[in-house]
Amino acid sequence: MLHNCGDFGIVNAIQMALSEMQIPRHQAAIFSGIGCSGKTSHFINVYGVHTLHGRVLTFAQGAKLANPDMKIIAAGGDGDGLGIGVGHFIAAGRRNLDLTYIIFNNGVYGLTKGQASPTLRLGEKTKSLPTPNTNYNVNPIGLAITSGFTFVARGYAYDVRHLKDLIIAAVNHKGLAFLDVLQPCPTYNDINTRDWYSGMDNLDESKKQHSRIYKLEDTGYDPVVHYDSETEFNEKLTQALIKSLEWDTKIPTGIFYKNEIISQYEKRIMDKIPNYMENPPSSQVVSSNGKPTTDISKILDSMSV
């Protein structure tokens, strides 16, 4: 990573969040995909699993199901999670497992020399593209909301303290949390730069500079679904979707949507396996003296011809 890469701000925010929450190291795990964000699991002193391109959510969900007491954070890039991994992104939303997914959103495939990622806007041409981007962009916030994520937020990599607070809120959320982090790539994205986000070209009539980034909480915005009502659900979903479309001169950060009324996947499992939380897969003995404890000989016998 380049010395002023936005990845460092995100990694620092995760470290600060876990430290402030005082989560024991053996009770937290970071899963990462492939790309510039992939080293995240190496930089934080908890359990770390460096997985495959686009598959970080499948590994993270498996770990959470195996050991529901663990605090799980999945981290990946916008190309990793919203390109090859977008099917897993949508499928995860349907389950609502209690874990946190952080996407490092820089608009390019930074590890493979700056190709347009799914979040780069139509018609934009970064310095490594021979021609302007010909695809319409994915809206990460809107996609998370419509896929079923019950906590949806956006942070900015260079506002580390605010990002740290958002990570704490995401990890504490009872359900599936998504955090889209706007992360300038000083190597390949020469459009959405630190200066661009700070509004150096965003001037009013008096030539005063205005940052594009603003915080939803400073405007009185309420993202929380307070009671179990279809009307309340729809109103909060609608306002979040509308806010997710703001861009260019005003870009909102903060929590867009938060719903702890929808049941977690772990509780749905308990409807079928009542002792699931007391006896999860990670607590079960699967082998003894190098041999599996499960006897499947009867099943094999029944399949013999």
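## Contacts around tyrosine 101

Contact is taken here to mean heavy atoms within 4.5 Å. On that basis, and in a model that is predicted, tyrosine 101 is in contact with Val56, Leu57, Ala74, Ala75, Gly76, Gly81, Phe89, Ala177, Phe178 and Leu179, once its neighbours within four places in sequence are left aside.

## Nonpolar cores

In soluble globular proteins, nonpolar side chains tend to be buried together. Here the largest nonpolar core has 31 residues, and Tyr101 is listed with Ile72, Phe89, Leu99, Phe149, Val152 and Phe178 as those having the most contacts inside it. At least two residues of this core are supplied by each of β1, α3 (56-66), β3 (71-77), α5, β4, α6 (140-147), α9 (230-244) and β10 (251-258), while the largest share, 4 residues, comes from α6.

A second core, separate from the one just described, has 27 residues, including Ala75, Ala153, Ala157 and Leu166. Ala75 is also one of the residues in contact with tyrosine 101.

## Helix α1 and the residue after it

For α1, with 15 residues, a rise of 1.5 Å a residue gives an expected span of 21 Å, and the end C-alpha atoms are 21 Å apart, so the two values agree. The buried residues of this helix are Asp7, Gly9, Ile10, Val11, Ala13, Ile14, Ala17 and Leu18, and what covers the buried residues of α1 includes β1, α2 (40-43), β3, β4, α7 (160-172) and β8.

Which residue just after α1 takes a positive phi? That residue is glutamine 22, with a phi of about 55°, and its place is the loop between α1 (7-21) and β1 (28-32). Glutamine 22 counts as exposed because its relative accessible area is 68%, which lies over the 50% cut-off.

## A second positive phi, in a buried loop residue

Most residues other than glycine have a negative phi, and most peptide bonds are trans. Asparagine 96, a residue other than glycine, nevertheless has a positive phi, near 65°, and is found in the loop between α5 (86-95) and β4 (100-105). Is asparagine 96 buried or exposed? With a relative accessible area of 1%, asparagine 96 is buried, whereas glutamine 22 is exposed.

## Strand β10 and its partners

Strand β10 is mostly covered, with 7 of its 8 residues buried. Strands β7 and β10 pair in the antiparallel sense over 4 bridges, and within this strand isoleucine 255 is the bridge partner of alanine 153, the latter being a member of the second nonpolar core. Strands β9 and β10, by contrast, run parallel and are joined by 3 bridges, with isoleucine 213 standing opposite isoleucine 251 in β10.

## Salt bridges

Side chains of opposite charge can pair when their charged atoms come close. The count in this model comes to 9 salt bridges. One of them joins the side chains of aspartate 180 and arginine 154, at 3.4 Å from N to O; this pair links distant parts of the chain, with aspartate 180 in strand β8 (residues 177-182) and arginine 154 in strand β7 (residues 151-156), 26 residues apart. Both aspartate 180 and arginine 154 are buried.

In another salt bridge, aspartate 201 meets arginine 212, and the closest N and O atoms are 2.7 Å apart. Aspartate 201 and arginine 212 are 11 residues apart, each in the loop between α8 (194-198) and β9 (213-215), and arginine 212 counts as buried because its relative accessibility is 4%. Lysine 258 and glutamate 260 also form a salt bridge through their side chains, at 3.4 Å from N to O, and glutamate 260 is partly exposed, with a relative accessible area of 41%. A network of salt bridges links Glu20, Lys164 and Asp165.

## Cysteines without disulfides

How many disulfides does the structure hold? The structure holds 0 disulfides. For cysteine 36, the nearest cysteine sulfur is that of cysteine 5, which is 6.2 Å away; the cut-off is 2.5 Å, so this pair is not a disulfide. Cysteine 36 counts as partly exposed, at 28% relative accessibility.

Cysteine 185 is likewise in no disulfide, and the nearest cysteine sulfur to it, that of cysteine 36, is 6.3 Å away. At 8% relative accessibility, cysteine 185 counts as buried.

Note on methods
Residues numbered from 1 in each chain as written. Predicted model: local features only at pLDDT ≥ 70, side-chain atom pairs only at ≥ 80, totals over all residues. Heavy atoms only, no water. Salt bridge = Lys/Arg side-chain N within 4 Å of Asp/Glu carboxyl O. Buried < 20%, exposed > 50% of the residue type's maximum accessible area, 1.4 Å probe, protein only. Core = buried A, V, L, I, M, F, W, Y, C linked by side-chain atoms within 4.5 Å. Expected span 1.5 Å × (residues − 1). Pairing = 2+ DSSP bridges.
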